[in-house]
Structures are given as C-alpha cells and as structure tokens.
Amino acid sequence: TVCSSKYVLSALHPMWQGPLVAPGGNRQSPIDIQVRKTVFDPHFKPLSPEYDPRTCSQVWNNGYSFLVEYDDTTDKSTLKGGPLEDTFRLCQFHFHWGESNAWGSEHTVDRRLFPAELHLVHWNSDKYKLFEEAVMEENGLAVIGVFLKIGNRHEGLQKLVDVLPAVRHKDSVVEFTRFDPACLLPANIDDYWSYAGSLTTPPLSEAVTWIIMKQPIEVSHDQLAVFRSLLFTSAEEEVQKSMVNNFRVQQPLKGRTVRSSFT
Ligand SMILES: COc1ccc(C[C@H]2SC(=S)NC2=O)c(OC)c1
Ligand SMILES: [Zn+2]
C-alpha cells in the first residue's frame, strides 16, 4: 500500500536528527496532553472503526518501526465518527517504544510517559483517491493513538509478536493475514482526546487529525521485549543497531486546543 511502502524516511538515527520543529510548523506532533486544559466537545459522535481482517496483508520492517499493512484499495476497513466528518481508510499500523519500560510513547498525558504507543493510520477516501494525495492536505489523515502499559499478556498482539523475528532486519517483509486491528483498541473507545497535528517523522506533514485513546492497552514485559529485538539495520550492515527509542521529541502546542470526548 502506498501509505507505507513508498515513503523514505530520513531516519539517520533512532531519534532521527531531523528538524526538531518543521520549518514554519505550527501544528506539529507529538505533544503533551495537559488534561486540565482540554475542552469537552459535545458534538463528537461515537467513534466507529469498521475493520475487515481480510484486508491485512503483510508486516514490514522499514528501518524505523514495523508496519502492519492493509490493502487500502477499497473501503473495506474504515474509520468514521468521533471528530471526523468523512470516511477514512485504514492503511497501516505501527508502534513507537523505548529501550526501557520507563519511556517510549510519543504523546504524554500530564507529562506521563508510557512504554509504547500504537498508531493506526487512516486517510480520507471521501476526498482523495490515494494516500499520497491525502498526506498533503490538512484534513487528509486520521491517526488513532493507543498507549501501551506493562501488565497482562495481550493475546491478540501475540499473533503479531510471533512473526516479528521474521522481520528482524530493515527491509524484511513477511506475509501476515486475517488480523483484526480492532483487538488492539482499548475496551472503552468512547473516551479520547483529539487535536490537529502532524506526521511524527519526515515529511512531518501537518495533515493529521489525532484521536488519542484515554484508556491504555496492557501488554506483557516479554511481548515488548520482542519489539526491542528488532533491528534498525539491514542484514548486510556490519554494525547491528537495536530498534528502540523510535519516538519523536515533543513539539510546542502553539495555541492549539486539545478537545475531549468526555467530561
Ligand atoms: C509520507 O508518509 C508517511 C511518512 C511517515 C509515516 C510514519 C510516521 S507518521 C506517524 S503518525 N508515525 C510515524 O512513525 C507515515 O505514516 C503514515 C507516513
Ligand atoms: Zn507513528
């Protein structure tokens, strides 16, 4: 799918030494969500993710994270509702994590860091024909962010964890089918925050309506350890680098309001 296999990251380093703030960027991500400054929006509709597991196609190590890619040539797996006016098509999901459980998420809640964060990436298929068009537009993308915390083993995630050794190196791909990403959403998807932001890696496009779930999901310490067994480097490179700390530093709010779906 275009949404992930075509982009080339300038991730020269786990914390990729890209611009700390995109030139002229005034809606950059990630941010700290200061809960007491969020504003309840009574107009938010219930969020309705409708994912067809049969659109799942492969897992790919792109040298920055591992992506689970979905066939986004039809509207079989979509996200509607919440703050969104249009229908958005799922194209991939991926994670960000730390070298220790003390940090790893991109967003924070009142400065609280989580060991990892899931991003489910969707593009506006009502307005655009392809992901690469949508990524250039301010209403083009919708990303659901879900925090991961250490706790019980996540049975749904385990199917994905089991194939990660097959994509240990950068540029490796493995077929992966019939995976329902809804199993990675928290029990309560009615409580979330939403704000206007950006991609968190180059090209840092300011095209994202963020939907950050209030309730984290639980994964086991051992499951997260398998994430850390992945490598940034390809099989050919002499020096192998562990894929950890693949998160961006937080960006200034620049006057933006974070809205909440709950009081
Ligand atoms: C040119 O298109 C791109 C570039 C980078 C990413 C990945 C970034 S954006 C995000 S949110 N988290 C990430 O790690 C894309 O993801 C849809 C799409
Ligand atoms: Zn991401």
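# Reading the ligand shell and backbone of a predicted model

Modeller: Of the 16 residues around ligand 1, Q92, H94, H96, T200 and T201 come nearest. Keep in mind that this is a predicted model.

Biologist: How should I read the confidence, and what does the chain average in pLDDT?

Modeller: Start with the chain and then look for weak stretches. The average pLDDT is 93, and 91% of the residues score at least 70. Residues 5–14 have a pLDDT below 50, and in the model this stretch makes 19 contacts beyond near neighbours in sequence. The scores for the model are ipTM 0.97 and pTM 0.94.

Biologist: Back to the ligand. Which side chains have an N or O atom at 3.3 Å from an atom of ligand 1?

Modeller: Take the atom pairs one by one. The side chain of Q92 places an N or O atom 3.3 Å from an oxygen of ligand 1. For T200, the 3.3 Å distance runs from a side-chain N or O atom to a nitrogen of the ligand. H96 has a polar side-chain atom 3.4 Å from an oxygen atom of ligand 1.

Biologist: How much of the accessible area of ligand 1 does the protein cover?

Modeller: On its own, ligand 1 has 440 Å² of accessible area, and the protein covers 95% of that.

Biologist: Which elements give two or more residues to the shell?

Modeller: They are β7 (88–97) and β9 (116–124). Strand β7 gives the most, with 3 residues. By class, the shell holds 10 nonpolar and 6 polar residues, and no charged ones.

Biologist: Take H94, then. Where does H94 lie, and is the residue buried or exposed?

Modeller: H94 is in strand β7. The residue counts as buried because its relative accessibility is 10%, and the cut-off for buried is under 20%. Leaving out residues up to four places away in sequence, H94 touches S65, F66, L67, E117, L118, H119 and V121. The C-alpha atoms of H94 and E117 are 8.6 Å apart, although 23 residues separate the two along the chain. The side chain of H94 also makes a polar contact of 2.8 Å with the side chain of Q92.

Biologist: What does H107 touch?

Modeller: With near neighbours in sequence again left out, the contacts of H107 include S29, P30, E117, H119 and W210. H107 sits in the loop between β7 and β8 (108–109). Its relative accessible area is 0%, so H107 is buried.

Biologist: S29 and P30 appear there. What kind of peptide bond joins S29 and P30?

Modeller: The general idea first: most peptide bonds are trans. The bond between S29 and P30 is cis, with omega about 0°. P30 is placed in the loop between α1 (2–5) and β1 (32–33). Another cis bond joins P202 and P203, with omega about 10°. P203 belongs to the loop between β12 (192–197) and β13 (208–213).

Biologist: And phi? What is the phi of L204, and what is the phi of N245?

Modeller: Most residues other than glycine have a negative phi. L204, not a glycine, has a positive phi of about 60°. L204 is found in the loop between β12 and β13, and at 5% relative accessibility it counts as buried. N245 also has a positive phi, near 60°. N245 lies in the loop between α4 and β15 (259–260), and at 10% relative accessibility it counts as buried.

Methods
Residues are numbered from 1 along each chain as its sequence is written. Chains are lettered from A and ligands numbered from 1 in the order in which they are written. This is a predicted model: local features need pLDDT of at least 70, side-chain atom pairs count only at pLDDT 80 or more; totals for chains, interfaces and linings use all residues. Side-chain values use heavy atoms; hydrogens and water are left out. pLDDT is the predictor's confidence in each residue, from 0 to 100. Contact means heavy atoms within 4.5 Å. A residue is near a molecule or strand if one of its heavy atoms lies within 4 Å of it. A polar contact is a pair of N or O atoms within 3.5 Å; within protein, one must be able to donate a hydrogen and the other to accept it, and residues adjacent in sequence count only if both atoms are side-chain atoms. Accessible areas come from the Shrake-Rupley method with a 1.4 Å probe; for residues, only the protein chains shown count as cover. Helices (H or I, at least four residues) and strands (E, at least two) are DSSP runs, numbered from the N terminus. Ala, Val, Leu, Ile, Met, Phe, Trp, Tyr, Cys and Pro count as nonpolar, Asp, Glu, Lys and Arg as charged, and the others, Gly among them, as polar. Buried means under 20% relative accessible area, exposed over 50%, partly exposed in between (1.4 Å probe, protein chains only).
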